[in-house]
Amino acid sequence: MKKICVVGAGYVGLVTATCLADLGNEVICIDVDEDRIEGLKKGIMPIFEPGLAELVEQNCQQERLRFSLSMEEGVRASEVIFVAVGTPPREGGGVDLKFVEAVAAEIATHMNSYKIIVNKSTVPAGTGARMQDLIRAQRNGDFDFDIVSNPEFLREGSAINDFKRPDRIVLGCTSERALDAMRALYDPLSIPPLETPIIATNVESAEMIKYASNAFLATKISFINEIANVCERVGADIDTVAKGMGMDSRIGPRFLHAGIGYGGSCFPKDTEGLLEIARDAGYDLRIVDAVMKVNDVQPLRVIEKLQRVFPDLGGRTVGLLGLSFKPNTDDLRAAPSERIIESLHAAGAKIKAYDPVAGEEAAKRKWPIELCRSAYATVAGCDAMVVVTEWDAFKELDLVRIRESMLSPVLIDGRNIYDPTVVAEAGFHYDGFGRGSAAS
Ligand SMILES: NC(=O)c1ccc[n+]([C@@H]2O[C@H](COP(=O)([O-])OP(=O)(O)OC[C@H]3O[C@@H](n4cnc5c(N)ncnc54)[C@H](O)[C@@H]3O)[C@@H](O)[C@H]2O)c1
C-alpha cells in the first residue's frame, strides 16, 4: 500500500486515482477546479464514465480516496505523485505544457522528502528531463526525487477496465529505486493471473511510445476511410474489404471501421503534437501530416452526401443522431459533430440533434442546433437524418417509425451502423461510407 497523490481530476486523473485506490492504495486527488473538487466530495462526477461514480463512492467510503484543492497537502502526504493534467495544443502548433510545468513548480515548492513524480499526461519526448531541471533549479538539490514517464492508454467509455487490464504498462525511468517502487505499485496487474507486461525504458522512449501509438491508430482510421472513399467509386464494399484485410494477422481487425473520422481529446491533438515534435527535431513527418489532412475533410463528406440528394441545403432540416466523438462518453472535444454542424449551418440548414449523454455539454457550447430529448423527437419532421456517433441505442431504433415521421426518408450513416438492405427495406434512401453506390 502506497500513499499517492494524483494531480488532475479529469478523465485520466480521476480514473487513475480511483483505480489506484481500488488496488488498495491511499490516494489523494487534487485539482485546481473548485467546483470539480467540491462536487467530487459530494459524489458528483465531473465527467460521464461508466462505472466511475460507483467506484469513487466505494473507495471514498473505505477512506482510501479523497479529494482536495491543496497541492501542499497532496505533495507532503505522498511518496508517489502522478501528474495527469491537460496538455492541450498550443496556438500556432505544438503542445502547451503550461499545466505540467505549473504542477512541477508546485511539487517543488511543497517537497518535504524523496518523491517519485510520475507523468501520465501525454508529453513530448524531453518533457520529463525538463521537469527534472525545473524542480532541481527550484530546490537546489535539498531533496531527492525521480521522474517517471508512465503514459496512459485508457479509452474514454471503457476507462476503468482499460486501466485495470491494460495491454502493457510503460515505465520510462532510469532510477532503480523509482522503478522498483513503480513495479511494486503495479504488482496487482503484472503478477498472475493478469500478467500485464511491463516495458521499462528511458523517459524519452516512454514519452514517444504514447505519441507513436496514437499516431498509428489514427493512421489506421484515416487509411480505412480513404479506402472506403475509393470503394464507393469502384463499387466495392468497405465492410467486406476491412474484414478481409483484418483477417491478416499482420494487420488485425481493429480500427478498420470506416466513417466520418476520429475526434476526441487525444488523436487530433497527439497527431498534431507529434508532427510538431518531429518538425522541431528537423524531420518532416509526412505520413502523420497526410493522416490529419484526410481526417480533416472526412466529416464534410456527410455534407457532400446530403447535397447529392438536396443540392441546396438552405431551409432543409437535418437531424443528427449523436454528438460525442464516440459512444459511452460525453466528451465533445474535437468531435466530428462540430465540423458537421458548422458546415450545415453555413449551408443554411436547420439542425436538430440528440445525444444520450453529451446534450448538457453541447448546450454549454451554444451551437446553432435544437437539442432534442430523444432520437425519435430529433428526426421527426426532418428532411434527412445523419448518424454521427455509433451509440448502441441507435442500432435498435424502429426505422419504419422514423421514416414515417420524417419529411423525406434520407439516412446518411456516418458510422456504418445499419445494414443497407434492412434500411432500404424500411423505405430509406441510404448512404453509408464505402458501401458502393447509395441504395434507395
Ligand atoms: N482523455 C483521454 O482519453 C486520455 C487518454 C490517455 C492520455 N490522456 C492524456 O492525459 C492528460 C490529461 O487528459 P484528460 O483528458 O484527463 O484532461 P482533462 O482536461 O479531462 O483533465 C485535466 C484536469 O487537470 C486539472 N488541472 C489543470 N491544471 C492543474 C493544476 N495546476 N493542478 C491541479 N489540477 C490541474 C484541470 O482542472 C482538469 O480537471 C492529457 O495529457 C491527455 O493527452 C488522455
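Here a visitor and a guide talk through a predicted model, asking why its parts are described as they are.

Visitor: Why is helix 1 called oblique to helix 3?
Guide: Let's start with the angle: helix 1 (residues 11-22) and helix 3 (residues 52-61) pack at about 50°, and their axes are 9 Å apart. Angles under 35 degrees count as roughly parallel, and 65 to 115 as roughly perpendicular. The value of about 50° fits neither range, so helix 1 is oblique to helix 3. The crossing of these two helices is left-handed.

Visitor: Which residues of helix 1 and helix 3 meet?
Guide: On the helix 1 side they are L14, V15, T18, A21 and D22, and they meet L52, L55, V56 and N59 of helix 3. Sorted by class, this contact has six nonpolar, two polar and one charged residues.

Visitor: What makes D22 the charged one in that contact?
Guide: Asp belongs to the charged class, together with Glu, Lys and Arg. D22 is an Asp, so D22 counts as charged.

Visitor: Why are helix 10 and helix 11 called oblique to each other?
Guide: Helix 10 (residues 203-234) and helix 11 (residues 238-246) pack at an angle of about 135°, with 10 Å between their axes. Roughly perpendicular ends at 115 degrees, and roughly antiparallel needs an angle over 145. An angle of about 135° falls between those limits, and therefore the two helices are oblique. Helix 10 passes helix 11 in a right-handed crossing.

Visitor: How do you know that the contact of helix 10 with helix 11 has no polar and no charged residues?
Guide: Just look at who takes part: I224, I227, A228 and C231 in helix 10 meet I238, V241 and A242 in helix 11. Ala, Val, Ile and Cys are among the residues that count as nonpolar. The contact therefore has seven nonpolar residues, with no polar and no charged ones.

Visitor: What makes helix 10 and helix 13 oblique?
Guide: Helix 13 covers residues 286-297, and helix 10 packs with helix 13 at about 55°, with the axes 9 Å apart. That angle is not under 35 degrees and does not reach 65, so the pair is oblique. Helix 10 passes helix 13 in a left-handed crossing. Here A215, A218, T219, S222, N225 and E226 of helix 10 meet I287, V288, V291, V294 and N295 of helix 13. These residues divide into six nonpolar, four polar and one charged.

Visitor: Why is the peptide bond between P192 and P193 worth a look?
Guide: Most peptide bonds are trans. The bond joining P192 and P193 is cis, with omega about 5°. P193 sits in the loop between helix 9 (187-190) and strand 8 (198-201).

Visitor: What stands out about the phi of E195?
Guide: Most residues other than glycine have a negative phi. E195 is not a glycine, and yet its phi is positive, at about 50°. E195 lies in the loop between helix 9 and strand 8.

Visitor: Which residues come nearest to the ligand?
Guide: Of the 27 residues around the ligand, they are G8, G10, V12, S121 and T122. Helix 1 and helix 5 (98-110) each supply at least two residues of this shell. By class, the shell has 13 nonpolar, eight polar and six charged residues.

Visitor: How do you know where domain 1 and domain 2 run?
Guide: The domain assignment of the protein chain gives domain 1 as 3-201 and domain 2 as 208-440. Their C-alpha centres lie 33 Å apart. The contact takes 16 residues from domain 1 and 17 residues from domain 2. On the side of domain 1 that touches domain 2, the residues divide into eleven nonpolar, four polar and one charged.

Note on methods:
Residues are numbered from 1 along each chain as its sequence is written. This is a predicted model: local features need pLDDT of at least 70, side-chain atom pairs count only at pLDDT 80 or more; totals for chains, interfaces and linings use all residues. Axes are lines fitted to C-alpha atoms, for helices over the stretch in contact, and angles run from 0 to 180 degrees between N-to-C directions. Helices (H or I, at least four residues) and strands (E, at least two) are DSSP runs, numbered from the N terminus. A crossing is left-handed if the near helix is turned anticlockwise from the far one by less than a right angle, and right-handed if clockwise. Two residues are in contact if their C-beta atoms, placed from the backbone, lie within 7 Å. A residue is near a molecule or strand if its C-beta atom, placed from the backbone, lies within 6 Å of it. Domain bounds come from an automatic or database domain assignment.
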